[in-house]
Amino acid sequence: MRIDIKALSDNELQEQGYSDISVKLHGFGLYTDDELCAVCITTEKQDSISGEVVLEKLFVREDKRHYGVARKLLNHTLRTMRADGYKYAVATPDNEAAERFLIKFGFEKAEGKSALYKIEL
């Protein structure tokens with residue numbers, strides 16, 4: 001099985017529900033044998049002076065879960081964001097499994113923010 005991680009095109013971002021061109025989007029897809037099986041999308045935090053990027057979406061197709069796909073894709077995304085000059089990534093998990101994944105990955109609860117997690121890039 002061949003695994004590739006590629007930047008998502010504008011059309012692929014629109015298919016994922018992101019069409020607002022006023023926001024700086026970064027999207028990556030993880031493909032196995034040319035089939036899209038995971039997506040990671042970030043946006044540039046608008047009011048940030050500290051170079052933060054927001055993890056908007058991390059989704060792995062159900063039949064590809066528990067194989068390290070999310071970890072591989074998030075690693076690639078955060079390395080790319082660091083190379084692009086961002087200093088931090090922030091996320092607001094929407095369920096306990098996502099929260100556990102972020103903590104295991106190295107995200108820490110942001111001070112004074114009950115649902116916000118942050119990692120230094």
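Begin by selecting residues 35-44, strand E3, together with residues 52-60, strand E4: the two strands pair in the antiparallel sense over seven bridges. The model on display is a predicted one. Within this pair, select isoleucine 41 and then lysine 57, its bridge partner in E4.

Next, extend the selection to the whole sheet. Seven strands make up this open sheet, and they follow the order E1-E2-E3-E4-E5-E7-E6 with mixed pairing. At its edges are strand E1, residues 3-7, and strand E6, residues 108-109, each of which pairs on one side only. Strands of a sheet pair through backbone hydrogen bonds, in either a parallel or an antiparallel manner.

The helices come next. Select residues 69-83 to display helix H2, which lies across E1, E2 (25-32), E3, E4, E5 (88-91) and E7 (117-120). Relative to E2, helix H2 runs at about 145°. Then select residues 96-105, helix H3, which packs on the sheet and touches E4, E5, E6 and E7. The direction of H3 makes about 20° with that of E7.

The last stop is the largest pocket, which holds about 810 Å³ of space. Its lining comprises 25 residues; select Leu58, Ala70, Ala97, Ala98 and Phe101 to see those closest to the centre of the pocket. Elements already visited return here, as E4, H2 and H3 each supply at least two residues of the lining. To finish, colour the lining of this pocket by residue class: 13 of its residues are nonpolar, four are polar and eight are charged.

Notes:
Residues are numbered from 1 along each chain as its sequence is written. This is a predicted model: local features need pLDDT of at least 70, side-chain atom pairs count only at pLDDT 80 or more; totals for chains, interfaces and linings use all residues. Side-chain values use heavy atoms; hydrogens and water are left out. Two strands pair if DSSP finds at least two bridges between them. Helices (H or I, at least four residues) and strands (E, at least two) are DSSP runs, numbered from the N terminus. Contact means heavy atoms within 4.5 Å. Axes are lines fitted to C-alpha atoms, for helices over the stretch in contact, and angles run from 0 to 180 degrees between N-to-C directions. On a 1 Å grid over the protein atoms alone, a cavity is a set of points where a 1.4 Å probe fits but cannot get out, and a pocket is an open set with protein on both sides within 12 Å along at least five of seven lines; lining residues have an atom within 4 Å of a point. Grid points are joined across faces, edges and corners, and a volume is the space filled by probe spheres set on the points. Ala, Val, Leu, Ile, Met, Phe, Trp, Tyr, Cys and Pro count as nonpolar, Asp, Glu, Lys and Arg as charged, and the others, Gly among them, as polar.
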